[in-house]
Amino acid sequence: SNSKTKTFDSGNVGIGSTLAYSAIDQKLVVDGNVKAVDFISTGDATIGDDLSLNSDASILNFGADSDVNLTHVADTGLLLNSTRQLQFGDSGTYIHQSADGVLDLVSDTEIEINATTIDMNGAADISGNLTVGGNTTITGNLTVNGTATAIHTTNTTINDNIIVLNNDVTGTPSENAGVEVERGSSTNVAIRWNESTDKWQITND
């Protein structure tokens, strides 16, 4: 037919010797726009320009059983289903929802965030080591739970006028407390409170 528009109310449309769906084995090339209610292809489909899904909540399925899909959320964005992953480069680097309300950003080597300001609102749980290369300002209280605290600075300035030692002692005291000065190859000196004599002691070379 010489008509530029042809409408098929039902059945399959094929290019070739038959219109049976299972026997379609040639390409359909359209120079213009294509509007389809249902589009099924058992092979590759190549779109040379824009592809629009013109309905709210439209779904883009992937896989033989549509196990992965992207759903359009009207005026919001795209929803990746279940705990499926968006992978980058290989299977070791991905982002996904591991459980309801839990977002995992996973990398088998390193995660790097570069920004002038990084604003984190909420509690931070760090199970590994933390290294800070710049200055650190803590506006709240700092609690350190451990067996040792090391401060490697040239000068330490403390605004408090009272320093409390043995703060975890309860009941009858039994431990001495004081300040000791490391003197390298010479004998250390100290000022301490001796619990056995209830007196202050000052050591001298």
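A strand here is a DSSP run of E at least two residues long, numbered from the N terminus. With that in hand, I opened the model, which is a predicted one.

**Entry 1: the loop after β3**

I started with Asn 81, which lies in the loop between β3 and β4. Is Asn 81 buried or exposed? I looked up its relative accessibility and found 17%. Buried means under 20%, so Asn 81 counts as buried.

Next I asked which residues Asn 81 is in contact with, leaving aside its neighbours within four places in sequence. They are Asp 67, Val 68 and Asn 69. For Asp 67 I also found a polar pairing: its backbone oxygen lies 3.1 Å from a polar atom of the Asn 81 side chain.

**Entry 2: the hairpin before that loop**

I then stepped back to β2, residues 68-73, and β3, residues 77-80. The two run antiparallel, and I noted four bridges joining them. Which residue of β3 is the bridge partner of Val 73? I traced it to Gly 77.

Together β2 and β3 form a hairpin, with three residues between them. In the turn I checked Asp 75 and read a positive phi of about 60°.

**Entry 3: the sheet beyond the loop**

On the other side of Asn 81's loop comes β4, and I followed it into an open sheet of three strands. I wrote down the order as β4-β5-β6, with antiparallel pairing. Why do β4 and β6 each have a side without a neighbour in the sheet? Both β4 (85-88) and β6 (102-106) stand at the edges with a single partner strand each, so one side of each is left open in that sense. I also noted the twist, which averages 15° from one strand to the next.

For the β4 pairing I looked closer at β5, residues 90-99. Four bridges join β4 to β5, and in β5 the bridge partner of Gln 85 is His 96.

**Entry 4: the protein as a whole**

To finish, I took stock of the full chain. I counted nine strands and zero helices, so to speak a run of β-β-β-β-β-β-β-β-β from the N terminus on.

How much of the protein is buried? Buried residues make up 5% of its 205 residues, and Asn 81 is one of the buried ones. The protein exposes about 19,300 Å², and carbon and sulfur atoms supply 48% of that. My last look-up was contact range: among contacts between residues at least 6 apart in sequence, 0% join residues at least 24 apart.

Terms used
Residues numbered from 1 in each chain as written. Predicted model: local features only at pLDDT ≥ 70, side-chain atom pairs only at ≥ 80, totals over all residues. Heavy atoms only, no water. Pairing = 2+ DSSP bridges. Buried < 20%, exposed > 50% of the residue type's maximum accessible area, 1.4 Å probe, protein only. Contact = heavy atoms within 4.5 Å. Areas by Shrake-Rupley, 256 points an atom, 1.4 Å probe, with all protein chains shown as cover. Axes fitted to C-alpha atoms, helices over the stretch in contact; angles between N-to-C directions. Polar contact = N/O pair within 3.5 Å; in protein donor to acceptor, adjacent residues only side chain to side chain.
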